[in-house]
Amino acid sequence: MTSNFNRRQFFRQSLYSSVSFVSAAWWITGCSPSEKKKEYQLKSCQDLSEVSEVELAKRKQFAYETRASDPLKKCMDCKLFLPPRLDESCGGCSLFKGPVEAEGSCTYWAPLEA
Ligand code: SF4
């Protein structure tokens, strides 16, 4: 009877340990994406490390600049600008992939329609 009780205790403790381990793993993996999101938010809009060579060539072709030389032709006032998502700091452009500064500009600037 005593050994049966010990076995029961052992299984119960194993179950609790397993549940604790799974909960901890779920909590850790559940936190990771938000941590990555925070890391992404802190990244500069000028960080092009994840942009392909093809997309970099497009930027160059369109003479994209991170600060508009003409203050009346900023990306934020261009109809091709893709505003930042709610939890992001960099916008995008319909012409090429990668982060785009709201204060930037390029030769394809197109005014917002009124
Ligand atoms: S087309 Fe040029 S100006 Fe317009 S959002 Fe894209 S990069 Fe900015």
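With 17 C-beta neighbours inside 10 Å, F62 counts as partly exposed. In this predicted model, F62 sits in the loop between α2 and β1. Leaving out residues up to four places away in sequence, F62 touches L95, C106, T107 and Y108. It also pairs up in space with S105: the two are 43 residues apart along the chain, yet their C-alpha atoms are separated by 9.2 Å. Right next door in the numbering comes A63, again in the loop between α2 and β1. A63 counts as exposed, because it has 11 C-beta neighbours inside 10 Å and the cut-off for exposed is 12 or fewer. The backbone at A63 is worth a look too, since phi there is near 55°, a positive value in a residue other than glycine.

Stepping back to the whole chain, there are 2 helices and 2 strands, and they follow the pattern α-α-β-β along the sequence. The chain has 114 residues, of which 15% count as buried. As for how the chain folds back on itself, take the contacts between residues at least 6 apart in sequence: 70% of these join residues at least 24 apart.

F96 lies in the segment after β2 (92–93). F96 is buried, because 22 other C-beta atoms lie within 10 Å and 20 or more is what it takes. Beyond its neighbours up to four places away in sequence, F96 touches E55, K58 and R59. F62 turns up again here: F96 and F62 are 34 residues apart in sequence, with 9.4 Å between their C-alpha atoms.

F96 also belongs to the largest nonpolar core, a set of 7 residues that is completed by C75, C78, F81, C90, C93 and V100. In soluble globular proteins, nonpolar side chains tend to be buried together. From this core, C75 makes contact with F81, C93 and V100, and also with G91, E101, A102, G104 and S105, leaving aside neighbours within four places in sequence.

Then there is the ligand. It has 14 residues around it, and C75, C78, F81, C93 and C106 come nearest. Sorted by type, the shell around the ligand has 12 nonpolar residues, 2 polar ones and no charged ones. Four of the names just given, C75, C78, F81 and C93, are found in the largest nonpolar core as well. C106, for its part, is one of the residues that F62 touches.

Two charged residues round out the picture. K79 is placed in the loop between α2 and β1, and with 10 other C-beta atoms within 10 Å it is exposed. Leaving aside its neighbours within four places in sequence, K79 is in contact with A110, P111, L112 and E113. K79 and S94 are 15 residues apart along the chain, and their C-alpha atoms are separated by 9.0 Å. D47, meanwhile, is found in the loop between α1 (2–42) and α2 (53–61). D47 is partly exposed, as 13 other C-beta atoms lie within 10 Å of its own. Across the fold, D47 and G98 are 51 residues apart in sequence, but 8.9 Å apart in space from C-alpha to C-alpha.

Notes
Residues are numbered from 1 along each chain as its sequence is written. This is a predicted model: local features need pLDDT of at least 70, side-chain atom pairs count only at pLDDT 80 or more; totals for chains, interfaces and linings use all residues. A residue is near a molecule or strand if its C-beta atom, placed from the backbone, lies within 6 Å of it. Ala, Val, Leu, Ile, Met, Phe, Trp, Tyr, Cys and Pro count as nonpolar, Asp, Glu, Lys and Arg as charged, and the others, Gly among them, as polar. Helices (H or I, at least four residues) and strands (E, at least two) are DSSP runs, numbered from the N terminus. A nonpolar core is a set of buried Ala, Val, Leu, Ile, Met, Phe, Trp, Tyr and Cys residues joined through C-beta atoms within 7 Å. Two residues are in contact if their C-beta atoms, placed from the backbone, lie within 7 Å.
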